[in-house]
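Trainee: I have a model open and would like to learn how to read it. Can you take me through it feature by feature?

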Amino acid sequence: MCSANAPSPRRWDGTPARSPRSRSLRVAPDSPTRLVRSAQPGHCPDCGNRVDWHPRADGDDRAVGLHPQELPAAAVPAVSRWHVSSGIAHPAHDGTPWCRIPHTALCPARCAPAALTPQLAALRRHLALHTRRLINNGTLTTPADLPPPERTDSCRPARPIAHLLGVHYIASHPIDVIQCVAQTRQRHRCTRPVLDDQAPHGTWTLLPTALPSHRPLSLPTDRTAVYDLTHLAFAEQLRWRHQHCPGHATSSAADLALTEWEPFDPRLHHQHIHQRIPHGARKQNHGA
């Protein structure tokens, strides 16, 4: 006679035969960020190897690219040891036998550090072989193979400066190419741009490189072309700062990538200062 409480099926080693139901990552209501704090995967533009991007806890607004695998702490110099906690990268060792290392310390496209342990040297050679395969397959384009820049590129800033929420920011891509960072229902990154024809646009104008609250700078030029968004509503400026398309402006969807805005520093980003309004921007109130 069968019992009403029949035992659940199990494998030969005693583990349950039923696999646990997978759960999607969610953002807690009290989270200070909308970013799903799993590693943001990417590839090094110089060598093509995989890099995991993490926000950092040392006050730097830029994300740090770490090698995707943990390494024995004894094989990594103390100054290069990082650990990740709750998705945040900390530039220190947490006392465990394992640690993370920045990709720049292993990148075969860069000069090798002076103090490189045998394990790190072997790992660097492995990454170099992978880079060579990517170049041979045509997947990775070396700087020598890139076409020379056209003369019209100067009319379309590759890294434009935007003024929103009272701060000068510099973007990593042209204004019309900045992509939404929100997660779609298919758990992919949204492919829509932040700039939308149905939403209010910013205007290109010449503004001082340093805000009035900052000390004056002794630079060759004190004005630069800026994509000004300060005349828009606060919610619209916040949408640009969060790097969301209009469809994800008020959505509760998590972010699958870090925002690409970086506080503009005239001394660090002086090569991106342009004294001319982008071509066509006087007729079109958005990136040319």
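Trainee: What percentage of the 288 residues in the chain is buried?

Mentor: Buried residues make up 35% of the 288. Keep in mind that this is a predicted model. The accessible surface comes to about 18400 Å², and 53% of that belongs to carbon and sulfur atoms.

Trainee: How many helices and strands does the chain have?

Mentor: Two helices and 12 strands. Along the sequence the pattern is β-β-β-β-β-β-β-α-β-β-β-β-α-β. Now look at contacts between residues at least 6 apart in sequence: 60% of them join residues at least 24 apart.

Trainee: Let's take a sheet. How do strands pair?

Mentor: Strands of a sheet pair through backbone hydrogen bonds, either parallel or antiparallel. Here, one open sheet has three strands in the order β1-β2-β3, with antiparallel pairing. β1 (40-43) and β3 (64-66) stand at the edges with a single partner strand each, so one side of each has no neighbour in the sheet. From one strand to the next, the twist averages 40 degrees.

Trainee: How many bridges join β1 to β2?

Mentor: Four, and the two strands run antiparallel. Find G42 and look across to β2: V51 stands opposite. β1 and β2 form a hairpin, with six residues between them. In that turn, G48 has a positive phi of about 85 degrees.

Trainee: And how many bridges join β2 to β3?

Mentor: Three bridges join β2 (residues 50-54) to β3, again antiparallel. One pair to find is H54 with its bridge partner in β3, V64.

Trainee: Which side chains of β1 point to the buried face?

Mentor: Q40 and G42 point to one face and are buried. P41 and H43 point to the other face and are not buried. The side chains alternate along the strand.

Trainee: What is the strand order in the sheet of five?

Mentor: The order is β10-β11-β8-β9-β12, in an open sheet with mixed pairing. Its edge strands are β10 (203-208) and β12 (262-263), each of which pairs on one side only. Inside the sheet, β8 and β9 (residues 167-170) pair in the antiparallel sense over four bridges. L164 stands opposite V167 in β9.

Trainee: What is the phi of L165, between those two strands?

Mentor: L165 has a positive phi of about 55 degrees, although it is not a glycine. L165 sits in the loop between β8 and β9. At 31% relative accessibility, L165 counts as partly exposed.

Trainee: Now a helix. How do I find its sides?

Mentor: Start with the geometry. An α-helix has 3.6 residues a turn, so residues three or four places apart point the same way. Now go to α2 (residues 234-242): its buried residues are E236, Q237, R239 and W240. They cover an arc of only 155 degrees around the axis, which puts them on the same side of α2.

Trainee: Which exposed residues does the face turned away from that buried side carry?

Mentor: F234 and A235.

Trainee: What do the buried residues of α2 pack against?

Mentor: They pack against two strands, β8 (161-164) and β11 (223-228). Both strands belong to the five-strand sheet.

Trainee: Where does the chain go just after α2, and is Q243 buried or exposed?

Mentor: Q243 is in the loop between α2 and β12. Q243 is buried, with a relative accessible area of 0%. The phi of Q243 is near 60 degrees, a positive value in a residue other than glycine.

Trainee: One residue in the other helix, please. Is T131 buried or exposed?

Mentor: T131 lies in helix α1 (residues 118-136). At 9% relative accessibility, T131 counts as buried, the cut-off being under 20%.

Trainee: Which residues does T131 touch, beyond those up to four places away in sequence?

Mentor: C47, N49, P108 and L140. Look closely at C47: its backbone oxygen lies 2.9 Å from a polar atom of the T131 side chain.

How values were computed
Residues are numbered from 1 along each chain as its sequence is written. This is a predicted model: local features need pLDDT of at least 70, side-chain atom pairs count only at pLDDT 80 or more; totals for chains, interfaces and linings use all residues. Side-chain values use heavy atoms; hydrogens and water are left out. Buried means under 20% relative accessible area, exposed over 50%, partly exposed in between (1.4 Å probe, protein chains only). The arc is that of the directions from the helix axis to the C-beta atoms. Contact means heavy atoms within 4.5 Å. Accessible areas come from the Shrake-Rupley method with a 1.4 Å probe; for residues, only the protein chains shown count as cover. A polar contact is a pair of N or O atoms within 3.5 Å; within protein, one must be able to donate a hydrogen and the other to accept it, and residues adjacent in sequence count only if both atoms are side-chain atoms. Two strands pair if DSSP finds at least two bridges between them. Axes are lines fitted to C-alpha atoms, for helices over the stretch in contact, and angles run from 0 to 180 degrees between N-to-C directions.
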